[in-house]
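Reader: Hi! I'm new to looking at protein models, and I'd love a close look at the largest nonpolar core of this one. Could you walk me through it?

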Amino acid sequence: MKNALLLLILPFAGFSQSGSLMSSSMQKSGFNYPFFMNETKEITYVNEGSPYESEEFNNGNLNFNGKEILVAPMRFNSIKQVIEFKDENSTVREVLRRPEFSATFNGKTYKIFEFELPNNQTQLGYFNPLFIGNHISFLLKPGKYQTISAPSSHTAYGSSTKVAIANYIENSSYYIKHDKALAQPIELNKSNILRVLSDKFIEVSNFMNTNNLNLKKEADVIRLLSYYDSLKSIKPIAKQGKG
């Protein structure tokens, strides 16, 4: 247990609060500032939005290999893709991105899965499991991306400075994971969902039509995947030899 807790201790490199002003001398870890970042010390950076799903820390549970090891205030950094928590001294720390760790807070579970990148490389990342079956899983990958405007002149109280706007834009995406395969991204629509369930195409198509499922809706996709998983879990009846 002590070894697991030691893995948690990472120095925090964080973000300022939403809407705050940040000078060019601010801590930059986690930001993707463009080439003009160091042009002048007069540039002020303004956040619009937040790199966090919620900037507030909410009480949560951290597990190591399924066993609870920590109860603490937590939040998820969507830009850096890390879980942050406050220790007993209210120091903000980060959980290592390792598959042994999972956490639950703010009504969501965060679990590590391996997924495939567009360049055929693989990576470990945090996902919110929406449905975990015996043969198929439906996952939401929380995320945001950052855009920064070129600096523009701004005059206040007789002095001029340059201001650049940092926007944080929602970029979450859905993934499907078959058995022990890598998680694969999927856009929710009828053709995509039926394609990944093609080995039970007739059965799931009939179920979809009978129940008027809209496969652009998360809840209906979960319902169909649950049915598909139940079909995959049925063991075939062994044929009896002739006596």
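Before we zoom in, how many helices and strands are there in the protein chain? And which residues in the largest nonpolar core touch the most other members?

Author: Sure thing! Keep in mind that this is a predicted model. The protein chain has 4 helices and 15 strands, and 40% of its 243 residues are buried.

Now for the core you asked about. The largest nonpolar core holds 20 residues, and Ile193, Leu197, Leu224 and Leu225 touch the most other members. Two or more residues of this core come from each of these elements: strand S10 (136-141), helix H2 (190-196), helix H3 (201-210) and helix H4 (218-233). H4 gives the largest share, 5 residues.

Let's zoom in on Ile193. Leaving out residues up to four places away in sequence, Ile193 touches Ile186, Leu188, Leu215, Val221 and Leu224. Apart from the core we've been exploring, there's another one, made of 15 residues, including Leu62, Ile69, Ile83 and Ile112. As a rule of thumb, nonpolar side chains tend to be buried together in soluble globular proteins.

How far can you trust the picture? The mean pLDDT of the protein chain is 82, with 76% of its residues at 70 or more. Residues 11-41 are another story: pLDDT stays under 50 there, though the model has 80 contacts beyond four places in sequence for this stretch. Where pLDDT is low, don't read the predicted coordinates in detail.

Methods: Residues numbered from 1 in each chain as written. Heavy atoms only, no water. pLDDT = per-residue confidence, 0-100. Contact = heavy atoms within 4.5 Å. Buried < 20%, exposed > 50% of the residue type's maximum accessible area, 1.4 Å probe, protein only. Core = buried A, V, L, I, M, F, W, Y, C linked by side-chain atoms within 4.5 Å.
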